[in-house]
Amino acid sequence: MPFVQTQATLLVTFGGVIVILSLATAGYLALRWWRPQPNLSKVGARIRLSWILAAIFLLAVFSGPAILLVYVAFLSFLALKEFLSITPTRRSDRRVLFFAYVAIPLQFGLVWWGWYELFVIFIPVWVFLVLPTLMVSVGDTEGFLRAAATLGWGMMTTVFSLGYLAYLLVLPPPGHPPAEGIGLFLFLVVVTQLSDVSQFLLGKRFNQPALRLKVTTTRTWASLAGGIPATALISWLAAPLLTPLTPWEAVGVGAAMAVSGFVGYITTAAIKGDLNLKDRGSMTPGQGGILNRIDTIMYSAPLFFYLVLYLHYWPQ
Amino acid sequence: MRLLQILFFVLIVRPLIMVVLGLNIHNKERLPLHGPAIVAANHNSHLDALTLLSLWPINRLHQVRPVAAADYFLANPWLAWFTQNILRIIPIERRPEFREEDPLALMSEALDRGEIVVIFPEGSRGAPEQLSEFKSGISRLAERHPEVPIVPVFTHGLGKSLPKGDFLLVPFFVDVSIGEWLHWQDSVEATMQTYEAAMKQLAEQLKRPAWK
């Protein structure tokens, strides 16, 4: 596929993103003017952040996959740092945690070299076994299992799962790619974000007691029920532009991503509940934590990656 | 020299504190932007002073003076040049037998010039993420300047990132919680009690898991 067309596709995608953000901003300003509410400023902060993220993304996407890959690796670093900061860690594991951080450049290096066979086992096998070994070598047994399991969970979600988002960038063209790996990457990010927004709005609109969940107040069963068709529609609209998915495949992939995004969100909510951070709204004050931003992607990235691989890379 | 200080903070300190560590500042509006003021924080790490200094906008930086131990930070001429010209410390002699003059005199002069004095009343970094006993120097300073506010600041996370006696920096988010301004309470004991209560309250509000 010629480079020029790739750029054109990206431009159209960003045009869409900017239109959606502009509509959201206009809606927010109108709402603030006509019906001022105290909790509206939170929505405003979210929209502002979305603009900033879109701007960073725009720069990163047009500067090429290498920069974008570094960007995702950095996101992974911020997410792991936040995870290790909000979960209880043991003083004796301080140096072990340093090596947990070292795994990030290694994992994303594997992505850059396209070394798929090692990429899929590096975190779940090697890091998973080696970090507890380092902890044993320090010798503190009190709270060992809890610390090892917590660290393993953090590595799998913040480094391994996010790695799939980066791996999309280095996928070779499957034959008829409108925008190659970068198209798949953008598709995942845009569809996940819009799916998030639809589920958030549905949860706000339909929050009758019968629909409520135990672990969170910001998502209800209506978020899931309505999010599936909404995300399927978004996916169906965006897929021809950015992915090799056929229309029916796009609908199925979209529906699956709505479910995985929902699960990712409520899983993070359960972790916050466990750590008594529930009432804070976000894990870190101000703009909300990194984990809150990537909770849905953590679950959607591996799912989307393998669905695309099964459908367009492996069957022939 | 002011340019060197700005470059050092913009190019080295801020990227380190903001990106490698990451700051959550609670109640930033309570940070005194203009002196004179006494900012009194807990002490866990060499990064404490750098973290606190990076709270202020670059154009206020020259007004902020961290108090640091003379026996440690003036130990050799290179370190002394750096700490006095770039960090702009106010040296304090911790060992009474070496004190030739009033140990609070330099801080008192700084307050008279309208500067912001940053001080760690624990006196030493101590065990990571644990409060040790506060020394009463801030109260004695407040006694001489009853109109100057004492701003309690509680930090959490720096003792995890770089504790005393370790050189390996491990990234953790850092919480900086700024308390309400306190004033001289007519006695050293009462002022210290008010300060201690404020610090305990800030620590409890953070609700961070204990580091064992």
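Across the interface of chain A and chain B, 10 residue pairs are in polar contact, both partners having pLDDT 80 or more. That confidence value is a reminder that this is a predicted model. On the chain A side, the elements that give two or more residues to the surface touching chain B are helix H3 (65-86) and helix H4 (94-113). H3(A) gives the most, with eight residues. Sorted by class, the side of chain A that touches chain B has 12 nonpolar, five polar and eight charged residues.

Charge also pairs up across this boundary, where two salt bridges are found. One of them joins Asp166(B) to Arg94(A), with the closest N and O atoms 2.9 Å apart.

How many residues does each chain bring to the contact? Chain A brings 25 residues and chain B brings 26 residues. Together the two chains bury about 2100 Å² between them, and carbon and sulfur atoms give 56% of that area. In chain A, the residues that lose the most area to chain B are Lys81(A), Arg91(A) and Arg94(A), which together account for 35% of what that side buries. Arg94(A) is thus worth finding on your screen twice over: it is among those three residues, and it is the salt-bridge partner of Asp166(B).

Now let us turn to chain A itself. Its secondary structure comes to 10 helices and zero strands. Of the 316 residues in chain A, 48% are buried. Among contacts in this chain between residues at least 6 apart in sequence, 74% join residues at least 24 apart.

The largest nonpolar core has 75 residues. Those with the most contacts inside this core include Leu151(A), Met155(A), Leu165(A) and Phe185(A). H3(A) supplies the largest share of the core, 12 residues. So H3(A) appears in both settings: it gives the largest share of this core, and it gives the most residues to the side of chain A that touches chain B.

Met155(A) offers a good view of the packing. Not counting residues up to four places away in sequence, Met155(A) touches Leu80(A), Ala100(A), Ala103(A), Ile123(A), Val127(A), Leu131(A) and Phe160(A). Apart from the largest core lies another one, of 32 residues, with Phe9(B), Leu47(B), Leu53(B) and Ile89(B) among them.

Two leucines of chain A make a handy pair to look at side by side. Leu165(A) is found in helix H6, residues 144-167, while Leu29(A) is found in helix H1, residues 3-34. Is Leu165(A) buried or exposed? Leu165(A) counts as buried because its relative accessible area is 4%, under the 20% cut-off. Leu29(A), at 42% relative accessibility, counts as partly exposed because that value falls between 20% and 50%.

Leaving aside neighbours within four places in sequence, Leu165(A) is in contact with Val72(A), Phe185(A), Leu188(A), Val189(A), Ile297(A) and Ala301(A). Phe185(A) is also listed with Leu165(A) among the residues with the most contacts inside the largest core.

The table gives one C-alpha to C-alpha distance for each leucine.

| Residue pair | Apart in sequence | C-alpha to C-alpha |
|---|---|---|
| Leu165(A) and Ser76(A) | 89 residues | 10 Å |
| Leu29(A) and Gly44(A) | 15 residues | 8.6 Å |

How values were computed:
Residues are numbered from 1 along each chain as its sequence is written. Chains are lettered from A and ligands numbered from 1 in the order in which they are written. This is a predicted model: local features need pLDDT of at least 70, side-chain atom pairs count only at pLDDT 80 or more; totals for chains, interfaces and linings use all residues. Side-chain values use heavy atoms; hydrogens and water are left out. Contact means heavy atoms within 4.5 Å. Buried area is the accessible area (1.4 Å probe) that two parts lose on being put together, summed over both. A salt bridge is a side-chain nitrogen of Lys or Arg within 4 Å of a carboxyl oxygen of Asp or Glu. A polar contact is a pair of N or O atoms within 3.5 Å; within protein, one must be able to donate a hydrogen and the other to accept it, and residues adjacent in sequence count only if both atoms are side-chain atoms. Helices (H or I, at least four residues) and strands (E, at least two) are DSSP runs, numbered from the N terminus. Ala, Val, Leu, Ile, Met, Phe, Trp, Tyr, Cys and Pro count as nonpolar, Asp, Glu, Lys and Arg as charged, and the others, Gly among them, as polar. A nonpolar core is a set of buried Ala, Val, Leu, Ile, Met, Phe, Trp, Tyr and Cys residues joined through side-chain atoms within 4.5 Å. Buried means under 20% relative accessible area, exposed over 50%, partly exposed in between (1.4 Å probe, protein chains only).
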